[in-house]
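Open the model in your viewer and keep the selection box handy. We will go from strand to strand, and then on to some rings.

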Amino acid sequence: MNRSALILILVVLAPLALSIPILAPPVTVVYPTELIPWPLSTAPAPTTPGGTFYALLKAPENVGGFTAELVGLLHSYRLVVESSSWGGEYWNLTLRVPGEVEPGLYDLRIGYGGVLFTQPRSVWVHVEHPETLVIAHLTDVHYSLNPEKFQEIMNELNFLGVDMAVITGDCADKGSNEREVKGFYEALRTARFPTYVLPGNHDHVGGITNYVRYIGPTNYTVDLGFAMLVTMNTGKEGFAEMGQIKWAARMLGSRPPDYFKILAFHHPIFQYTTNATGGWQDLEKLGQYMYSNWASKPNNTRELLKAIQETGVDLILAGHIHRDEVFILNQKHYFIVTTTAGGPTPPGMPNGYRLITLRWNGTSYIIENLRFGRAPLTSKPHSIEAGKLLVKYGPTNDGSSEAVTVILRNRWPIEAMGRLTVLVSARRGVDEYRLFGEGPELSYIGSTESYHVFTADVRLAPGDSYRFTLATTEDLTPPLIRNVDIKVVMVGPIVGIQLSAEIGDEGWGVENATLLYKKGRKQAEWSRIVLEKGDKGYSANIEGLQRNMTVTLKIVATDYALNTAESPTYIVEIGKNTATITTLAPTTTTTTTTTTTTTTTTATTTTTTTGVTTPTTTTTHTPPETTTTTPARPIQPLPRPETTIMIVVAVIIIIALLWLALRHRKR
């Protein structure tokens with residue numbers, strides 16, 4: 001290649017090369033169970049002040065000098081590494097807890113050579129024998145179907161101060177959906193109590209890989225100190241294999257019969273509420289009460305019942321059937337199923353959870369209560385309906401915000417007692433924070449470099465409520481709604497509207513955003529859809545539309561100070577193959593005066609309209625109507641950017657090669 005040809009190629013390719021970002025090295029994903037596979041936030045190690053526990057650490061064989069500490073809400077404690085041994089893939093560490101450690105749930109931090117690894121909320125320090133112990137039983141979360149409901153339950157249980165929770169499977173609706181499994185794991189991290197999790201059949205959908213990466217082993221055993229917990233995996237088929245049953249029998253038999261024992265798995269053996277007598281030796285007599293999956297495997301069921309009865313298992317927790325059931329065998333073994341924490345429910349059975357109270361009688365624990373209220377077990381539901389006791393924090397309660405709003409409401413028929421813990425940012429001094437609204441007296445208990453911690457013990461009579469904000473300044477500014485994007489989708493008989501918007505607030509944060517819409521010009525009342533908040537803003541879909549229909553819509557947003565903002569009103573005229581969008585300015589407002597700028601672009605059978613709402617003054621004003629009407633014009637979708645770059649590079653290279661070939665031929 002001669003000099004002129006090389007110069008030409010460089011001249012042509014240089015601008016293109018400069019326009020392509022330098023490729024970053026591939027990001028290595030480290031899953032929660034990868035570096036410290038035990039203990040886990042989904043299976044914390046129980047211990048007592050002055051006690052020991054073991055941990056596994058994935059590290060090279062030639063390292064040493066391990067350090068370990070417990071990190072709590074306000075305090076951290078250095079652990080003594082009593083022993084360390086290389087096991088071929090992991091280091092086995094025996095760690096001793098100082099005697100002065102306050103009971104609670106802690107992060108475990110392990111280090112060597114200046115490198116630190118953390119497993120959040122994975123060590124549970126408790127007193128040896130609590131007088132009473134409250135266990136929350138959750139099941140069938142189906143996280144993607146109702147993530148808000150699961151967060152409601154976490155907030156309620158934090159407030160009530162439960163001692164621990166067992167979650168008996170179907171954490172995800174589809175186990176193959178990594179984003180859903182990760183979402184469940186992240187939501188679980190807001191719990192300030194130890195959580196023990198096991199899989200259900202939905203967690204196996206598409207494989208169990210995501211579950212193992214984010215949540216952990218599918219079966220395990222934990223000696224809680226006051227009780228033994230054994231979890232099993234009933235898989236997709238709905239029963240445990242014989243080998244796993246024999247393993248569980250050995251674990252349960254390793255503790256004396258008077259030791260309180262809990263066995264947990266997803267598919268229940270019995271599916272009805274009743275008292276029955278009998279057992280593994282006359283299994284046929286119990287057949288009428290059995291769930292079909294276990295009934296189809298009588299040998300497995302007989303072996304498991306034998307283990308339960310001979311080792312003295314007190315509490316057997318399960319889920320799967322999405323309703324409340326308590327089957328009591330021989331007045332000794334309690335087989336408990338609880339309503340779903342987020343999945344679909346039968347009529348009359350709300351989403352919820354169960355609280356099981358154990359009482360120490362001097363030698364062992366006995367079951368004192370396993371139902372809500374005083375109704376008999378035959379009166380369902382006897383679990384607790386999620387949301388009746390509302391405990392809400394906004395916009396977050398992790399110490400990152402300079403304003404945290406707390407909303408409490410008791411719709412129980414009985415008094416609710418609990419503790420609030422509020423974390424606000426340490427970017428501002430403790431003395432700068434004030435309480436806005438009606439609330440209990442908050443006590444400052446300490447600070448870290450990142451946040452200040454305030455608490456309050458609260459008693460709520462039936463019907464009582466609180467709403468208050470801990471902040472440094474009052475919020476008088478409404479939210480800002482901008483970049484409203486409306487797309488009309490027409491695919492065969494399916495017609496719908498996809499809407500997205502950016503909604504922000506400079507004060508206490510956005511509490512809610514609602515899409516109001518009317519189908520046709522005769523509909524009097526607005527229909528409502530709560531906009532879903534995602535990484536790129538808020539969005540909602542209107543479905544069930546028809547061609548040749550008019551849809552009127554607008555967005556209303558409210559912040560935690562109860563300031564309200566409203567977008568322009570949009571009139572969407574859906575034709576046979578095209579759509580027209582008209583933008584109307586708001587007619588009245590009691591919180592803001594708005595200036596509206598409207599631009600329109602087109603896409604295939606859609607019109608996209610962007611409205612920008614800018615708050616100015618607090619007044620009542622009626623601006624003139626502004627209308628922009630543009631018919632939709634179908635165009636072809638643009639190729640993806642990476643595809644475009646590849647095509648351009650290929651074309652330039654071909655042209656350069658052809659030019660060189662011609663030059664060479666002329667010679």
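Start by selecting Leu389 and Asn410: Asn410, in strand E22, is the bridge partner of Leu389. Strands here are DSSP runs of E of at least two residues, helices are runs of H or I of at least four, and both are numbered from the N terminus. The model is predicted, so keep in mind that local features need pLDDT of at least 70 and side-chain atom pairs pLDDT 80 or more, while totals for chains, interfaces and linings use all residues. Residues are numbered from 1 along each chain as its sequence is written, and side-chain values use heavy atoms, with hydrogens and water left out.

**The sheet**

Now widen the selection to both strands. E21 and E22 pair in the antiparallel sense over 6 bridges; two strands count as paired if DSSP finds at least two bridges between them. Add the others and you have an open sheet of 4 strands in the order E21-E22-E27-E24, with antiparallel pairing. Strand E21 (389-394) and strand E24 (434-438) are at the edges with a single partner strand each, so one side of each has no neighbour in the sheet. From one strand to the next, the twist averages 15 degrees. Angles run from 0 to 180 degrees between N-to-C directions, and axes are lines fitted to C-alpha atoms, for helices over the stretch in contact.

Next, follow the sheet across. E22 and E27 are antiparallel and share 7 bridges; to find one of them, select Ile407, whose bridge partner in E27 is Arg467. E27 (residues 465-471) is in turn joined to E24 by 5 bridges, also antiparallel, and Arg434 has Ala471 in E27 as its bridge partner.

Show helix H2 (residues 147-160), which lies across E21 and strand E22 (403-410) and runs at about 105 degrees to E21. In E22, 7 of its 8 residues are buried, meaning under 20% relative accessible area, with exposed over 50% and partly exposed in between (1.4 Å probe, protein chains only).

**Thr469**

Which residue should you centre on in strand E27? Pick Thr469, which is buried with a relative accessible area of 2%. Its side chain makes a polar contact with the side chain of Thr405 at 2.8 Å. Such a contact is a pair of N or O atoms within 3.5 Å; within protein, one must be able to donate a hydrogen and the other to accept it, and residues adjacent in sequence count only if both atoms are side-chain atoms. Beyond four places in sequence, the residues in contact with Thr469 (heavy atoms within 4.5 Å) include Ala403, Leu435, Phe436, Trp508 and Tyr560.

**Rings**

Select the aromatic residues now. The count comes to 21 aromatic pairs, where rings of Phe, Tyr and Trp (its six-membered ring) pair if their centres lie within 6.5 Å, with planes under 30 degrees apart stacked, over 60 edge-to-face and the rest tilted. Tyr185 and Tyr214 have ring centres 6.4 Å apart and planes at 55 degrees, so this pair is tilted. Tyr185 is in helix H3 (residues 178-188) and Tyr214 in helix H4 (residues 209-214), so the pair ties together parts 29 residues apart in sequence. Tyr185 and Tyr214 are both buried.

For a cluster linked by ring pairs, select Phe66, Trp86, Trp91, Tyr112 and Phe117.
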